[in-house]
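Biologist: I should like a close look at one part of this model, taken from its charged side chains outwards. Please set out the cut-offs as you use them.

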Amino acid sequence: MIDCLFCRIASKEARAEIVHEDPEVVAFRDIRPQAPVHLLIVPRRHIESLADAGEADAALLARILLVAKDLAIREGIDARGWRLVTNRGRGAGQSVFHLHFHLLGGRGMSWPPG
Ligand code: 5GP
Ligand code: ZN
């Protein structure tokens with residue numbers, strides 16, 4: 001049995017400010033926001049990272065992208081622009097090993113990211 005923070009948030013065993021949920025996908029506010037809007041979008045099902053997703057997850061991954069752009073509109077960050085990012089592996093900054101996409105917006109963002 002894995003003990004996974006985002007599995008627990010998705011099943012409501014752990015608290016978070018949830019902004020979207022459907023049968024496959026949950027989105028909630030990051031506890032340490034790096035922008036005025038900083039959401040985490042996750043599949044309910046445990047997948048460690050994007051590198052662990054397969055062909056069978058194609059519809060789920062597409063669903064996450066569609067949820068992200070809908071949330072950007074709902075959160076009022078669409079006009080200014082927003083960023084969707086996933087960290088795969090410790091070297092890229094992944095600290096929670098349940099696939100998640102950061103939706104960041106509400107401020108200008110530089111490129112390349114750090
Ligand atoms: P990563 O570093 O793995 O790409 O992103 C993990 C994110 O999860 C971080 O931005 C971190 O602030 C967020 N996080 C860690 N613990 C919690 C928590 O208990 N609740 C919420 N809402 N976010 C968390
Ligand atoms: Zn998990």
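Which side chain meets that of R44 in a salt bridge, and what is the N to O distance?

Modeller: The partner of R44 is E21, and their side chains form a salt bridge with an N to O distance of 3.1 Å. The model is predicted, so local features need pLDDT of at least 70 and side-chain atom pairs count only at pLDDT 80 or more, whereas totals for chains, interfaces and linings use all residues; side-chain values use heavy atoms, with hydrogens and water left out. Residues are numbered from 1 along each chain as its sequence is written, while chains are lettered from A and ligands numbered from 1 in the order in which they are written.

A salt bridge here is a side-chain nitrogen of Lys or Arg within 4 Å of a carboxyl oxygen of Asp or Glu. Side chains of opposite charge can pair when their charged atoms come close. The pair of R44 and E21 links distant parts of the chain, 23 residues apart: R44 is in the loop between β3 (37–43) and α2 (58–74), and E21 is in strand β1 (residues 18–21). Helices (H or I, at least four residues) and strands (E, at least two) are DSSP runs, numbered from the N terminus. R44 is partly exposed at a relative accessible area of 28%, and E21 is partly exposed at 39%. In these terms, buried means under 20% relative accessible area, exposed over 50% and partly exposed in between, with a 1.4 Å probe and protein chains only. The pairing also belongs to a network of salt bridges that links K12, E21 and R44.

By the stated rule the count comes to eight salt bridges, and two further ones deserve description. D22 forms a salt bridge with R63, their closest N and O atoms being 3.1 Å apart. Because D22 lies in the loop between β1 and β2 (25–29) and R63 in helix α2, this pair ties together parts that are 41 residues apart in sequence. D22 counts as buried at 11% relative accessibility, whereas R63 counts as partly exposed at 31%. R29 is bridged to E75, with the closest N and O atoms 3.0 Å apart. R29 lies in strand β2 and E75 in the loop between α2 and β4 (82–85), so this pair ties together parts that are 46 residues apart in sequence. The relative accessibility of R29 is 29%, which counts as partly exposed.

The loop that holds R44 brings us to the metal. The zinc ion (ligand 2) has as protein donors C4 (SG), C7 (SG), H46 (ND1) and H98 (ND1), which lie 2.0 to 2.3 Å from it. Donors are N, O and S atoms within 2.8 Å of the metal (3.2 Å for Na, K and Ca); water is not among the atoms, so sites may look incomplete. The angles among the four donor atoms are 106 to 117 degrees, and the site is tetrahedral; four donors count as tetrahedral if all angles lie between 85 and 135 degrees. Along the sequence the donor residues are spaced C-x2-C-x38-H-x51-H. C7 lies in helix α1 (residues 5–10) and H98 in the loop between β4 and β5 (101–105), so the two tie together parts that are 91 residues apart in sequence. C7 is partly exposed at 21%, but H98 is buried at 0%.

Helix α1 also takes part in the aromatic packing. The structure holds one aromatic pair. The rings of F6 and F28 have centres 5.2 Å apart and planes at 75 degrees, so the pair is edge-to-face. Rings of Phe, Tyr and Trp (its six-membered ring) pair if their centres lie within 6.5 Å, with planes under 30 degrees apart counting as stacked, over 60 as edge-to-face and the rest as tilted. F6 in helix α1 and F28 in strand β2 are 22 residues apart. Both are buried, F6 at a relative accessible area of 4% and F28 at 2%.

Finally, S49 is placed in the loop between β3 and α2 and is buried at a relative accessible area of 2%. Its side chain makes a polar contact with the side chain of R88 at 3.4 Å. A polar contact is a pair of N or O atoms within 3.5 Å; within protein, one must be able to donate a hydrogen and the other to accept it, and residues adjacent in sequence count only if both atoms are side-chain atoms.

Key: Four donors count as tetrahedral if all angles lie between 85 and 135 degrees; four count as square planar and six as octahedral if opposite donors are over 155 degrees apart and all others between 65 and 115; anything else is irregular.
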